[in-house]
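Work through the exercises below with the sequence and the structure side by side. Try each task on your own before you read its solution.

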Amino acid sequence: MAWSKEETISRDEMQALQLAGLQKTVSYVYEKNIHYRQKLDHLGIKPGDIKNLNDISFLPFTTKQELRDNYPFKMFTAPLVDIIEYHATSGTTGKPIAVGYTREDLDIWSEAMARTYTGAGIGSTDVVQNIFGYGLFTGGLGAHYGAIRVGAGVIPISGGNTHKQIMLMEDFGTTALTSTPSFLMHIFETGEQMGVDFKKLNLKWALCGAEPWSESMRHSIQHLFGIKVCDIYGLSEITGPGVSFECHEEQNGLHVNEDFFYPEIIDPVTGEVLPAGAEGELVFTTINKYGQPLLRYRTRDISRLTYGVCSCGRTLVKMARVSGRSDDMLIIRGVNVFPSQIEAVILKREGVSPHYMVVIERKGVMDSLRVKVEVTEEFMLKAAADVLKGAEYDILEDVTAVRSKVKNLQHDIKDIIGISVEVHLVPPGSIPRSEGKAKRIEDRRPK
Ligand code: DLL
């Protein structure tokens, strides 16, 4: 599909568009949303005060808690009669967050997702197997609307059904997959056990996202399936998937659809806006939305922004792969640790699989970190052979491959995260698989 002209305009042109969108949005929420009007009045801000883009820093942040407190619809700005689709976050604790879309919002979401497919190289001749869950989760329908807009054939299979996923890949000649990376790994594992050679199928591309993942995981998926994989990012509160996307030319950072979603990076502690290139928390202001526009929404996702022209030709600002959520960040003995750092180490080592769980426990006054990692079938066989051989000659201590694997992993993880961890190797298949977003952390510390 042809690119939208906004993907390649100059910075000056983009900023002019963004300023107009911001001014329109601030006036709109001030006029139509009681919650925002009270917030802005409290700070003495009037819509007319936004004279240039930097004035955005006068506007208050919006937090997840605020959306929860105003559940279900008090953050909506359009009248309910204009809302034509609802979604909600999973809300594992307490009430979820509801989101509502007008017809214009769905149009923009489809456009953002069409750019995402086009950026990844997927178009009208592709058959897209959409593995993101349909339902209240925004992944399924968002990816569906975009596939339709680029004219691809979409298979709305949703998550789960691993065997059927594989059957349809074979029978329908699927060329593109949209999925969480962890579930694709699970599909691969199942297919391998069934004797399927994914490289012999028609698969060419995948869009992966919805959960933090590492560059090493991308390499594994690309290698195992013989496809090219692009990262796709988004969150329900802002629109769903399609807030930003990677181009297949570079696969290095995600272009933000910044004519719809204005990005900033802030210091998560002080709230201060950080300069381009600095790492911090992503904040988005929707500048083209009607159902539920948000001012300076704090995503809790950690990233960086880089401006410039990409080798693909796009001028849209790039955000770095999300390294983790500030609320997923573990603080262990004063050190900040993201599970994705541990994942990157695990994926570089042979003999272990990308299925892992980080367990945090409190021993006395100290927090300790344990990483449970599954070994591969081949490793199990080799370890068993080692043990049998060692037992025969009564030298069990020295020969077990398990012992040295544990030691190496513990050493490599400590090298990256800076604190000691205990590594436990566990049998293949023993860590629960997810059919959507993977759960990587088990925090057993007393609350
Ligand atoms: O996960 C929307 C989505 C669906 C994105 C499909 C991409 C693909 P939520 O369920 O509201 O929406 O979760 C949003 O997921 O704040 C991030 O913490 C995380 N996340 C999403 N995409 C990525 C990614 C969807 N590519 C939350 N890398 C976000 C890392 C991601 N984390």
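The exercises move from the two domains to side-chain pairs and then to the backbone.

This is a predicted model, in which local features need pLDDT of at least 70 and side-chain atom pairs count only at pLDDT 80 or more, while totals for chains, interfaces and linings use all residues. Residues are numbered from 1 along each chain as its sequence is written, and side-chain values use heavy atoms, with hydrogens and water left out.

**Exercise 1. Describe how the protein is divided and how its domains meet.**

Step 1. The division gives domain 1 (1-323) and domain 2 (330-443), with bounds that come from an automatic or database domain assignment. Taken over C-alpha atoms, the centres of domain 1 and domain 2 are 33 Å apart.

Step 2. Into the contact (heavy atoms within 4.5 Å) go 19 residues from domain 1 and 16 residues from domain 2.

Step 3. The size of an interface is often given as the accessible area lost when the parts come together. Here domain 1 and domain 2 bury about 1,400 Å² between them, with 54% of it on carbon and sulfur atoms; this buried area is counted with a 1.4 Å probe and summed over both parts.

**Exercise 2. Find the salt bridge between domain 1 and domain 2, and say which elements of domain 1 touch domain 2.**

Step 1. A salt bridge needs a side-chain nitrogen of Lys or Arg within 4 Å of a carboxyl oxygen of Asp or Glu. Between the two domains the count is one salt bridge, and the side chains of R433 and E189 form a salt bridge at 2.8 Å, N to O.

Step 2. On the side of domain 1 that touches domain 2, the elements giving two or more residues are α7 (181-194) and α8 (215-225), where helices are DSSP runs (H or I, at least four residues) and strands are runs of E of at least two. The most comes from α7, with five residues.

**Exercise 3. Classify the ring pair F188 and F198.**

Step 1. Rings of Phe, Tyr and Trp (its six-membered ring) pair if their centres lie within 6.5 Å, and planes under 30 degrees apart count as stacked, over 60 as edge-to-face and the rest as tilted. The structure holds 11 aromatic pairs.

Step 2. The ring centres of F188 and F198 lie 5.6 Å apart with planes at 35°, so this pair is tilted. F188 belongs to helix α7, whereas F198 lies in the loop between α7 and β6 (205-209), 10 residues apart.

**Exercise 4. Locate the cis peptide bond and the positive phi of S158.**

Step 1. Most residues other than glycine have a negative phi, and most peptide bonds are trans.

Step 2. A cis peptide bond, with omega about -5°, joins Y71 and P72, and P72 is placed in the loop between α3 (64-69) and β1 (85-88).

Step 3. S158 has a positive phi near 70°, and S158 sits in the loop between β4 (153-155) and α6 (162-171).

Key: Buried area is the accessible area (1.4 Å probe) that two parts lose on being put together, summed over both.
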